[in-house]
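Student: I would like to look closely at one small part of this model, and then to see how that part fits into the rest. Please take it slowly, and explain each term when it comes up.

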Amino acid sequence: MTRPTPAVRERALSLPSTALPAYLYDLAALREHAGAVRAALPERVELYYAAKANPDPEILAALAPFVDGYDVSSGGELSHVHRAVPGRPLAFGGPGKTPGEITTALELGVRRFHVESAYEVRMLAVLAERTVPGARLAVLPRFNLPVPDGSLEKSALAMGGRPTPFGIDPAEADAVVRLLTDGTYPRLELRGIHAHLASGLEADEQLAVARSVVVWATALADRHGVRLAEVNVGGGMAVDYTRPETRFDWAAYGKGLGELADERPELTLRIEPGRALTAYCGWYATEVLDVKHSHGEEFAVVRGGTHHLRTPATKGHDQPCSVLPVDDWPHPWPRPAARGDVVTLAGQLCTPKDVLARHVPAAGLRAGDRVAFSLAGAYAWNISHHDFLMHPRPGFHYLGG
Ligand SMILES: Cc1ncc(COP(=O)(O)O)c(C=O)c1O
């Protein structure tokens, strides 16, 4: 799925220049991938999609047959996902929930909350009594757990196992469990434990983290003589932008989760990946505007840039890409072309940070050739600073819908 699929390639080459850049999503490829992920997971493992990775309604809808629900992290995501996939279960998490957001969630029927502090538990209890009197809510405190030594070392984005604003410190775990079980808030049910500790972990690292979360959660519950129905071990399955042909080993992960689930038949395990579900279905297609030499290196300036596809700038990688040569040159002026073998692909912004990929093997790259950047289906358009320099927005195409 890294080289453009036939549908994406055809669209990237047939759009007029003025319709570029464009995000091209292959929904058929997304469905195939999500189906394979679902098939690799044991039945007893629930799969929620972390909508923050890509909340486009078409993406949310394409995933619907393969996921048990959606993880949302703001009032905006909540209302949006509720509209896009009506009636599907939502889990509301994320730090700093406002009273307004919680009230909206309750009004929209959300009955499952990942709480990030004891303060949030108290606020939720009062707002629930006011907004949906009598309703019972499933509450999963998110804990910032200690993790096995070294298990987050390779993570690009560690949110747990060290000081962060995410989740509840384990030192407060007993107090939070008491708050949820001593009758103070009878409508709040301690359904389980939530932990999303890092993004970018491979299957063996994910399994080590999942196991330690389950062991910790079970010990906590035993200490209080309560029964947990669920443990949510989070998302963060790796997407390797330096080896775009590789995939997270869902088969190994599913097998390991199956073993963990078999050891605890009373427990439902849940995961909430974002990036590893949708990254591979999106391409950012554009055309080369100019090719130039600078101090011994060659640069191609493409239409658009990191204001549309911020992923390489924010993660510090080269976005994988394919050149789609275009022989036609409609202009009366000469066509610039690369003389060397490698070219750095930069965008139209007036900042040296606007680089999409460095030293790409692209001998002979010409103005007018097209480039399709892959792995652009997650944390791409939706994390970018669209209005900087006021260039036009890209087009959006959902293929195979
Ligand atoms: C609580 C939570 N769950 C799930 C995710 C999804 O992570 P990823 O897209 O790396 O799978 C995130 C990402 O930040 C998160 O904060």
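Student: Where along the chain is the place of Met-390, between which two strands?

Tutor: Met-390 is placed in the loop between S18 and S19, where helices (H or I, at least four residues) and strands (E, at least two) are DSSP runs numbered from the N terminus. Before we go on, please note that this is a predicted model, in which local features need pLDDT of at least 70 and side-chain atom pairs count only at pLDDT 80 or more, while totals for chains, interfaces and linings use all residues. Residue numbers start from 1 along each chain, following its sequence as written.

Met-390 has a positive phi of about 60° although it is not a glycine, and Leu-389 has a positive phi as well, of about 75°, again without being a glycine. Most residues other than glycine have a negative phi, and most peptide bonds are trans. Leu-389 belongs to the loop between strand S18 (370-373) and strand S19 (395-399). To describe how open these places are, we count the other C-beta atoms, placed from the backbone, within 10 Å of a residue's own: 20 or more make it buried, 12 or fewer exposed, and anything in between partly exposed. Met-390 is exposed because it has 7 other C-beta atoms within 10 Å, whereas Leu-389 counts as partly exposed because it has 14 C-beta neighbours inside 10 Å.

Another loop can be described in the same terms. Pro-325 sits in the loop between strand S15 (321-324) and strand S16 (342-346), and this proline is exposed because 12 other C-beta atoms lie within 10 Å. Its C-alpha atom is separated by 7.8 Å from that of Leu-365, 40 residues apart along the chain. A further backbone feature is the peptide bond from Leu-20 to Pro-21, which is cis, with omega near 0°; Pro-21 lies in the loop between helix H1 (6-14) and strand S1 (22-26).

For contrast, consider Val-121, which lies in helix H6 (residues 118-131). Val-121 is buried because 21 other C-beta atoms lie within 10 Å. Taking two residues to be in contact if their C-beta atoms, placed from the backbone, lie within 7 Å, and not counting residues up to four places away in sequence, Val-121 touches Val-115, Val-139, Val-176, Leu-179, Leu-180 and Leu-188. Phe-373, with neighbours within four places in sequence left aside, is in contact with Trp-283, Tyr-284, Leu-309, Gln-319, Cys-321 and Leu-356.

Val-139 and Phe-373 also appear among the residues that touch the most other members of the largest nonpolar core, which has 114 residues. Such a core is a set of buried Ala, Val, Leu, Ile, Met, Phe, Trp, Tyr and Cys residues joined through C-beta atoms within 7 Å. Helix H8 (residues 203-224) gives the most to this core, with 6 residues, and the core draws at least three residues from each of domain 1 (27-278) and domain 2 (280-399). These domain bounds come from an automatic or database domain assignment.

The C-alpha centres of the two domains, domain 1 and domain 2, lie 35 Å apart, and their contact takes 16 residues from domain 1 and 15 residues from domain 2. On the side of domain 1 that touches domain 2, the elements giving two or more residues are helix H2 (27-40) and helix H10 (275-278), and the largest share, 4 residues, comes from H2.

Stepping back to the whole, the protein chain has 11 helices and 19 strands. Its radius of gyration, taken over C-alpha atoms, is compared with a globule rule of 2.2 Å times the number of residues to the power 0.38. The radius of gyration is 23 Å, close to the 21 Å that the rule gives for 401 residues, so the protein chain is as compact as a globular protein of that length. The C-alpha atoms fill a box of roughly 80 × 40 × 35 Å along the principal axes. Of the 401 residues, 47% count as buried.
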